Amino acid sequence: MNDKTLAVFTPTYNRAYIIGKLYKSLLAQTSEDFCWIVVDDGSSDNTEQLIASFISEDRIPIRYIKQENGGKQRAHNTGVDACDNELFFCVDSDDALVPTAVEDVLSLWQRVKARDDVAGIIAMRGHSEAKPMGTWIPENLDYTTMWDLYYRHHHRGDTALVYRTDILRKYPYIVEPGEKFIGETYVYHQIDQSYRLAVLHKVIWICEYLPDGYTKHVRKITRENPRSYMRLKRSYIDYSDTFALKAENTILYLVGAYFAGCFGEALKGLPNRALSLLCAPVALLLAKTEFQR
């Protein structure tokens with residue numbers, strides 16, 4: 001499959017009931033310059049048999065990998081390791097791509113790939129091609145980092161991200177032992193320190209949040225993966241360039257520490273002692289109220 005420029009990567013867990021929607025959208029692509037890598041994160045349903053049936057149709061090149069359940073980010077690491085294509089596009093198993101998604105991504109990529117500071121392409125997810133999930137990316141923005149898009153340009157909404165595979169190899173997800181999740185921005189913001197993304201001003205990914213998805217259970221995921229959450233928010237503290245952001249992320253870091261059972265130790269380990277003491281009561285309040293929902 002290494003003759004294809006783009007790998008569409010899908011981590012999946014017990015989504016046999018809906019992954020066919022994504023498959024149908026891949027069959028409908030106007031460009032054939034892609035393959036599909038599916039990492040099955042220990043599904044107990046009939047995902048394996050279903051993907052085998054897709055492979056037997058021989059409509060698009062598909063690579064299927066099954067591993068023990070370890071969470072989306074470990075599946076992502078597996079997908080990157082298995083990918084020998086130039087570009088890597090992670091698309092969730094409950095969503096679909098618009099018919100021109102691959103064509104539009106590759107068209108822009110041909111125009112920007114020679115730039116050493118460009119790590120990939122950022123586009124939008126939407127309820128439809130005409131309705132993004134949140135705001136449109138500002139029209140005058142041709143290049144941006146993820147951090148700047150959300151914290152400098154105040155974008156609100158979900159994005160579709162395509163990265164150079166060789167860059168992703170340098171930034172694997174680190175999920176703490178005994179846990180299964182860390183926020184995806186853990187990797188994206190590391191890449192932001194050295195690279196930018198070219199902006200594709202289109203909705204290329206049609207998205208719907210399901211009851212069994214991560215987005216519906218953010219607080220529960222924090223409680224169950226507190227040390228990974230601390231790792232994520234500790235990096236945010238380092239990247240924050242305003243007092244308000246440093247305070248917000250210090251609070252959230254300490255929320256994670258509360259659930260990890262190391263609140264006092266974490267408090268002492270933060271670089272700004274005065275800010276930490278100021279944020280501690282708020283973190284405890286949130287941990288005992290909002291994050292219990």
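Colleague: Let's start with D92: which loop is D92 found in?
Modeller: D92 sits in the loop between β4 (87-90) and β5 (96-97). Keep in mind that this is a predicted model.

Colleague: Why does D92 count as buried?
Modeller: Buried means under 20% relative accessible area. D92 comes out at 16%, so it counts as buried.

Colleague: What makes the link between the side chains of D92 and K72 a polar contact?
Modeller: The cut-off for an N or O pair is 3.5 Å. The side chains of D92 and K72 are joined at 2.9 Å, so that pair passes. D92 also touches T10, L22, R125 and W205, besides K72, once residues up to four places away in sequence are set aside. On top of that, D92 belongs to a network of salt bridges with K72, R125 and E184.

Colleague: And what lets such side chains pair up in general?
Modeller: Side chains of opposite charge can pair when their charged atoms come close.

Colleague: How many salt bridges does a search of the whole structure find?
Modeller: The search turns up 16.

Colleague: Take K202 and D104, then. What makes that pair a salt bridge?
Modeller: A side-chain nitrogen of Lys or Arg has to be within 4 Å of a carboxyl oxygen of Asp or Glu. For K202 and D104 the N to O distance is 3.3 Å, so the pair qualifies. It links distant parts of the chain, with K202 in strand β10 (residues 196-206), D104 in helix α4 (residues 101-112), and the two positions 98 residues apart.

Colleague: Are K202 and D104 buried, partly exposed or exposed, and how do you know?
Modeller: Partly exposed covers the range between the 20% and 50% limits. K202 has 39% relative accessibility, so K202 is partly exposed. D104 has 12%, which means D104 is buried.

Colleague: What about D117 and R196: what makes them a salt bridge?
Modeller: Their side chains meet at 3.0 Å, N to O, so they are within the 4 Å limit. This pair links distant parts of the chain too: D117 is in the loop between α4 and β6 (118-128), R196 is in strand β10, and they are 79 residues apart. D117 has a relative accessible area of 27%, so D117 is partly exposed. R196, at 28%, is therefore partly exposed.

Colleague: And how do you class the burial of R164 and D166?
Modeller: Those side chains also meet in a salt bridge, at 3.2 Å, N to O. R164 has a relative accessible area of 17%, so R164 is buried. D166 has 41%, so D166 is partly exposed.

Colleague: On to α2. How do you know that its buried residues line one face of the helix?
Modeller: In α2 (residues 47-57), T47, I51 and F54 are buried. Seen down the helix axis, these buried residues fall within an arc of 50°, so they line one face. They pack against β1 (6-12), α1 (19-27), β2 (34-40) and β3 (62-66). The face turned away from the buried side carries the exposed residues Q49 and S56.

Colleague: What is the phi of D58, just after α2?
Modeller: It's positive, about 55°, in a residue other than glycine. D58 is in the loop between α2 and β3. Exposed means over 50%, and D58 has a relative accessible area of 65%, so D58 is exposed. N14 has a positive phi of about 55° as well, and N14 isn't a glycine either. N14 is in the loop between β1 and α1, and at 22% relative accessibility it is partly exposed.

Colleague: Why is N249 called buried?
Modeller: The limit is 20%, and N249 has a relative accessible area of 1%, so N249 is buried. N249 lies in helix α10 (residues 243-260) and touches K233, Y236, I237 and S240, leaving out residues up to four places away in sequence.

Colleague: Last one: which residues of the largest nonpolar core touch the most other members?
Modeller: Of its 40 residues, those are M146, Y163, V187 and I191. Another core lies apart from it, with 36 residues, among them L6, L22, A198 and I204.

How values were computed: Residues numbered from 1 in each chain as written. Predicted model: local features only at pLDDT ≥ 70, side-chain atom pairs only at ≥ 80, totals over all residues. Heavy atoms only, no water. Helix = DSSP H or I, 4+ residues; strand = E, 2+ residues; numbered from the N terminus. Buried < 20%, exposed > 50% of the residue type's maximum accessible area, 1.4 Å probe, protein only. Polar contact = N/O pair within 3.5 Å; in protein donor to acceptor, adjacent residues only side chain to side chain. Contact = heavy atoms within 4.5 Å. Arc of directions from axis to C-beta. Core = buried A, V, L, I, M, F, W, Y, C linked by side-chain atoms within 4.5 Å.
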